[in-house]
Amino acid sequence: MELSKIITVSKPVCRLSDLDNPHNLCRRFDPPLSVCFTCKGQHLENRRYYYYCATCDLEFHRGCHLFPPEIKHPCHLLHPLTLIFLDPDFQRSRIASNWPDSSSESDDYDSCEENSGSYNEDHIVKCNYCRKNLRPEEEFGMAYYHCSTCSFSFHRICVLVRPPLTIENHKSHDHTLTLFPRRVPLPCDACGLSLDVPLDHVYSCLLCNYMVHRTCIYLPRVIKITRHPHRLSYTSSIVPSRELSCGVCRKTVDVNYGSYSCNNGCHYALHSKCATNKKVWDGKDLEGVPEEEEEILEPFSLIDEETIQHFSHDHHHLKICRNGGSSHENKFCEACVLPMTLSDCYFSCIKCEFVLHETCASLPRRKHHPVHKHPLALFHTSSSNPIERKYYRDGFFTCDGCNRNCCGFIYRCRDKNCEFQLDVRCASLPDPSIHDCHPHPLFFNFTEGRCMGFESVECDHSEYLECIKCDDSFLCLHCATLPCVAHYKHDKHPLTLSYGEEETSDLKYWCEICEGKLDATKWFYTCDSCSVTIHVKCLLGKEPGMPLGYYYHMARRIMRTRGTEKLEEEERIRRS
């Protein structure tokens, strides 16, 4: 919800005016201020102007106009609120020299977050709006508004949030909604969450027995999220055909309260708050906006049954290779940067060293992924477009899913103001994901906890998968994308990733590379034929998922890329 809907900042409201008929303050430059109503101080020479209320015939220093000694507030209609300073020696005139002018700077709706600490002296007061303890401040001491009759208190910041007494929004409700100034532990009819929450107000329609958060009044009518292929519409209730779980948090959707459901009749629903979460929704209300069919870009064109023309390597053809004997050795996929194995089918350039796994060659060029709210586009290292190539200028980019340094293909956000990016391994994880380290499906829930592979990999977490059946079962994308099969140069057999043995024998395990002890209850790589065991970090190196020897391969790629840039620059100079 925009701040302009909460507080008028262009012309300050006189805080002593009637709530039903508020009037504004105006700036005065001449004649000089006589007596400030708030601090009782005289004209200050270093001030260009002051505020004047023509209706009340009152004058205020700039700053003092925000904090008169007594105010009326719509959240406490019974009695006026009195400004209190716990420091008896505090000079109120200091407000004028330390507080910004609300007519030129926003009174931030969230600024009460600054009062996050607790005040553990004899006098403890809690704000009735943000629910946080009041505490002394460096500039103002402990200043707040208080009603001694009702023991009702507001931070000096929170009191600036003056909600309107009534709201009309016929998109959300047919009747006028009226401010309900008390906190009640009842569910909101729009989202199902409790009305007794801080930093929000409650509005009601007594005719309909309808109560709602103020923020829920402005919920969008039609939205599009990356977790579902169709648009979703807000509805006040769903006709239950079967029990539905939320597509974000996976908890049951209560059909008696507002939620979002698919326009095309899919059995898909979201809680109102989950659907409009900043990580899920792009902030666009699509009501009345015609739906456009998204262009489908094919990753390659078929030349014949064994040859393709891939968009990332459009100057040469790629030919399929199956069970190619020793031809796979020392070859790394340009997209996922994993090495080719004997069992892999891959496409190889007929004229250079460019290779792609068969599955990587089919990666979609446009992708909707649940880990990000905007569509993603596939970029590649050999692009002739300098805008795309700049992401690889130093050979690496950082994946926002796993926090690894990556150098393969990149899925980058298509929104020009967003720099979110994923490597192809993180972008290829489905929702839900099946992983051998856990017996249940894992979901993208935007929750976090201790990763199941942390002690083995010492991963740098970013995004997580979560099991909704088990308590505290999380897997970060860093560990979720570790190769299940790897190769060790001194072992002719492939090594498989073991996720720890619950019961270990009396035999001790040793790492083949570092010759140190290996804890068999942690993750490690092993060869079933040779009984070789290796630490994950020892086998994969300092960048898990980038096999040893890959850096030599990447150095050659960077040299090719920069060589292409140099040739293009020389050609541009020659033509000019």
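The exercises below work through a sheet, the nonpolar cores and the salt bridges of a predicted model.

**Exercise 1. The open sheet**

Determine in what order the strands of the open four-stranded sheet are arranged, and which strands stand at its edges.

Solution. Reading across the sheet, the order is β21-β22-β25-β26, and the pairing is antiparallel. The edge positions are held by β21 (366-367) and β26 (421-423), each of which has a single partner strand, so that one side of each is left without a neighbour in the sheet. Turning to the pair β22 and β25, one finds that residues 376-379 and residues 410-413 run antiparallel to one another over four bridges. Within this pairing, Leu378 stands opposite Tyr411 of β25.

**Exercise 2. The nonpolar cores**

Identify which residues touch the most other members of the largest nonpolar core, and which element supplies its largest share.

Solution. The largest nonpolar core has 71 residues, and those touching the most other members are Leu422, Trp523 and Tyr525. Its largest share, four residues, is contributed by β22. Another core, of 35 residues, lies apart from the largest one, and its members include Leu195, Val202, Cys246 and Leu270.

**Exercise 3. A salt bridge between two loops**

Work out which parts of the chain the salt bridge of Lys171 and Glu287 ties together, and classify the exposure of both residues.

Solution. The count of salt bridges comes to nine. In one of them, the side chains of Lys171 and Glu287 meet at 3.4 Å, N to O. Lys171 belongs to the loop between β8 (166-167) and β9 (177-180), while Glu287 belongs to the loop between α3 (272-275) and β16 (300-304), so the pair ties together parts that lie 116 residues apart in sequence. Lys171 counts as exposed because its relative accessibility is 57%, which is over the 50% cut-off. Glu287, at 38% relative accessibility, counts as partly exposed.

**Exercise 4. A network around Asp431**

Establish which residues are linked with Asp431 in a network of salt bridges, and decide whether each is buried or exposed, or partly exposed.

Solution. The network links Arg227, Arg250 and Asp431. Taking Arg227 and Asp431, their side chains meet at 3.6 Å, N to O. This pair connects the loop between β12 (222-223) and β13 (232-235), where Arg227 lies, with the loop between α6 (424-427) and α7 (454-457), where Asp431 lies, 204 residues apart. In the salt bridge of Asp431 with Arg250, the closest N and O atoms are 2.6 Å apart, and here the separation along the chain is 181 residues, Arg250 being in the loop between β13 and β14 (259-262). Arg227 is buried at a relative accessible area of 13%, and Arg250 is buried at 17%, whereas Asp431 counts as partly exposed at 28%.

Notes:
Residues are numbered from 1 along each chain as its sequence is written. This is a predicted model: local features need pLDDT of at least 70, side-chain atom pairs count only at pLDDT 80 or more; totals for chains, interfaces and linings use all residues. Side-chain values use heavy atoms; hydrogens and water are left out. Two strands pair if DSSP finds at least two bridges between them. A nonpolar core is a set of buried Ala, Val, Leu, Ile, Met, Phe, Trp, Tyr and Cys residues joined through side-chain atoms within 4.5 Å. Buried means under 20% relative accessible area, exposed over 50%, partly exposed in between (1.4 Å probe, protein chains only). A salt bridge is a side-chain nitrogen of Lys or Arg within 4 Å of a carboxyl oxygen of Asp or Glu.
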